[in-house]
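User: I would like to learn how to read a structure of this kind step by step, beginning with how far it can be trusted. Could you take me through it?

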Amino acid sequence: MSEHIPVLIAGGGPVGLATAVELAHHGVRSVVAEPRAEVSWSRPRAKTTSARTMELFRRWGLADTVRARAAIPVSWSDQAVFTTGLLHREITRFHGCFGLDLTGDDLVAEPGQQVGQPTIEMILREAATASPYTDLRLGWSVGAVSEDAEGVTAALTGPDGTVTEIRADYLVGADGAWSTVRSAMGAEYQGSADERPNFNIVFRAPGLAEQVPHGPAVHYWVLHPQQPGLIGRLDLDDTWWCIAQGITAAEGERDPLRIVRALVGADIDAEIIATDPWKAKLLLVDHYSTDRVFLAGDAAHLNPPWGGHGFNTGIGDAVNLGWKLGAVLNGWAPCSLLASYGIERKPIAAQTIAEAARNMATLAPELTDPRLVGTDAEFEAIRPAVADAVQHAKDSEFHSLGLVLGYGYQGSPTIIGEAGSRLPHRWIGPGDSLYDHLGDGFTLVGDLTKPIVAEFIEAAEAEGIPLDLFEHPDTGLALVRPDQHIAWTDADPQCAREVLRQAIGHPPRAQQHLLSTSPSAHQVTDKEVP
């Protein structure tokens, strides 16, 4: 007889693990099958954890752990410096990058954090392992998948090659760009790739930091005509990363030390730890889900790293999908709620890919000028024009809070009226965030003396919907979802019971008659989103 679980998650990278942690947050059991027994520390990949993702980590009680484990403290720097070489002339710089300067700001519950993806993975692995709701199976992979009206059957291959069958109510494919789950459900990437080659190098260079004349920065962009790229620190010891732009895999592997020295601008001694050639991809699946199978993270979307949005978009997927699966499996929302996952997340991924593409349009090679490495007089003559071009082209890459915090789910069938945005944040007191007072289900936030509050309490009890209350008149009256997005505000007067029912996936009353009488009534999916 097959093992049966509520949710099977294919892939235990950050997105798959985040999905499991979100499910556990709602008391839902899952199995996570991850082929990699160990986290790879030599290739850090994502390095920017956005303020929004840090807010979600706070929601799980993990933000302080991320800060403590990060090799570079958030207070160390919020700057990006553009130079002719790490040890050479400064052209211009940006301040307040990636939300790293927002500690204590009312805008966010958490500032951003520079931290390598392996550290995030280890923290999430530990959280999953510690949870009684999560079974993390390292060295295991998901193979053949079949879906029927009642659930999903999958073949799991263990470390010794043994194949076992598992039965799940739902399957989440967080298994990356080469997703087995995506193929099984018949979804396909659509989009393009950038043919310009890039070459990542991780290296150790003792004493290099003390030679840098520009002060602390999270990015040093090198605008040198012979070798453009960028470079940064992985820790405050001696480990660095760099991206050489315009370097093919063959060129990079032939002499990576030459590339490091070219970006630094000196013949330093350095130990090459890892290399990784890549090309940027701009891909989005045609549909996110079937009735019981869902895609999240890189399995659903791939975008260039410029701006640091890819990994963070995947964490947003995990929370959106996780709370909805929890609501359905815990019996207080209908299965129709799950159709809103792709409807809500696909436009966000499309917006993120478009923003990353705009950032990618102008990289270091496009910003260089031979006069930058000429005489002092030539440099001073051209520097203002190059600095202006950099500030114009790259400002949105480093200052993207409009995208990171400002996206919403307006137009979703679960959103009433003009709501859908993230609940505006406020500090209630020192270290006491408004978000800390939100419940695991829905929360009614605002002026609780209003008569409609009693209607919400009565309706929530009648419908079996978990509802917390928090008095905070400065926000108006808002119904906040488990993911901290607003489902409804009292700017749009509605019947409390209908608001709650729509927020958990029931169609609005005006549509119910049409759906029940239409001969072609069907469940809406994200395939129908343009």
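User: Over which residues does pLDDT stay under 50, and how many contacts beyond four places in sequence does the model have for them?

Analyst: This is a predicted model, and confidence is the place to begin. The protein chain averages a pLDDT of 93, and 96% of the residues score at least 70. Over residues 513-530, however, pLDDT stays under 50, and for that stretch the model has 22 contacts beyond four places in sequence.

User: How should I read the nonpolar core, and which residues touch the most other members of the largest one?

Analyst: In soluble globular proteins, nonpolar side chains tend to be buried together. Here the largest nonpolar core has 115 residues, among which L8 and L479 touch the most other members. The element that gives the most to this core is helix α8, residues 310-329, with nine residues. A second, separate core has 23 residues, including A217, I231, A244 and V264. Returning to L479, and leaving aside its neighbours within four places in sequence, its contacts include F442, L444, F456, W488 and V499, and also L500 and A503.

User: V499, L500 and A503 bring me to helix α14; how many of its residues are buried?

Analyst: Six of the eight residues of α14, which spans residues 496-503, are buried, so this helix is largely enclosed by the rest of the structure. The buried residues are A496, E498, V499, L500, Q502 and A503, and α14 is followed by G505, whose phi is positive, near 110°.

User: How does one describe the packing of two helices, and at what angle do the axes of α8 and α9 cross?

Analyst: Two packed helices are described by the angle between their axes and the distance between the axes. The axes of α8 and helix α9, residues 340-360, come within 10 Å and cross at roughly 170°; the two helices are therefore roughly antiparallel to each other. On the α8 side the contact is made by T313, G316, D317, N320, L321 and K324, and on the α9 side by S340, Y341, E344, R345, A349 and T352. By class, this contact has three nonpolar, five polar and four charged residues.

User: Which way does the sign of phi point in F98 and Q484, positive or negative?

Analyst: Both are residues other than glycine with a positive value, phi being near 55° in F98 and about 75° in Q484. F98 lies in the loop between β5 and β6, and at 7% relative accessibility F98 counts as buried. Q484 lies in the loop between β24 and β25 and is likewise buried, with a relative accessible area of 3%.

User: Finally, how do I read prolines in their surroundings, and where are P6 and P35 found?

Analyst: It helps to take position, burial and contacts together. P6 is found in strand β1, residues 3-10, and is buried, with a relative accessible area of 15%. Not counting residues up to four places away in sequence, P6 touches V28, R29, A168, D169, Y170 and L329, while the C-alpha atoms of P6 and L325, 319 residues apart along the chain, are separated by 9.3 Å. P35, in the loop between β2 and β3, counts as partly exposed at 49% relative accessibility. Leaving aside neighbours within four places in sequence, P35 is in contact with G139, W140 and S141, and the C-alpha atoms of P35 and W140, 105 residues apart along the chain, are separated by 4.7 Å.

Conventions:
Residues numbered from 1 in each chain as written. Predicted model: local features only at pLDDT ≥ 70, side-chain atom pairs only at ≥ 80, totals over all residues. Heavy atoms only, no water. Core = buried A, V, L, I, M, F, W, Y, C linked by side-chain atoms within 4.5 Å. Buried < 20%, exposed > 50% of the residue type's maximum accessible area, 1.4 Å probe, protein only. Helix = DSSP H or I, 4+ residues; strand = E, 2+ residues; numbered from the N terminus. Contact = heavy atoms within 4.5 Å. Axes fitted to C-alpha atoms, helices over the stretch in contact; angles between N-to-C directions. Parallel < 35°, antiparallel > 145°, perpendicular 65-115°, else oblique. Nonpolar A, V, L, I, M, F, W, Y, C, P; charged D, E, K, R; others polar. pLDDT = per-residue confidence, 0-100.
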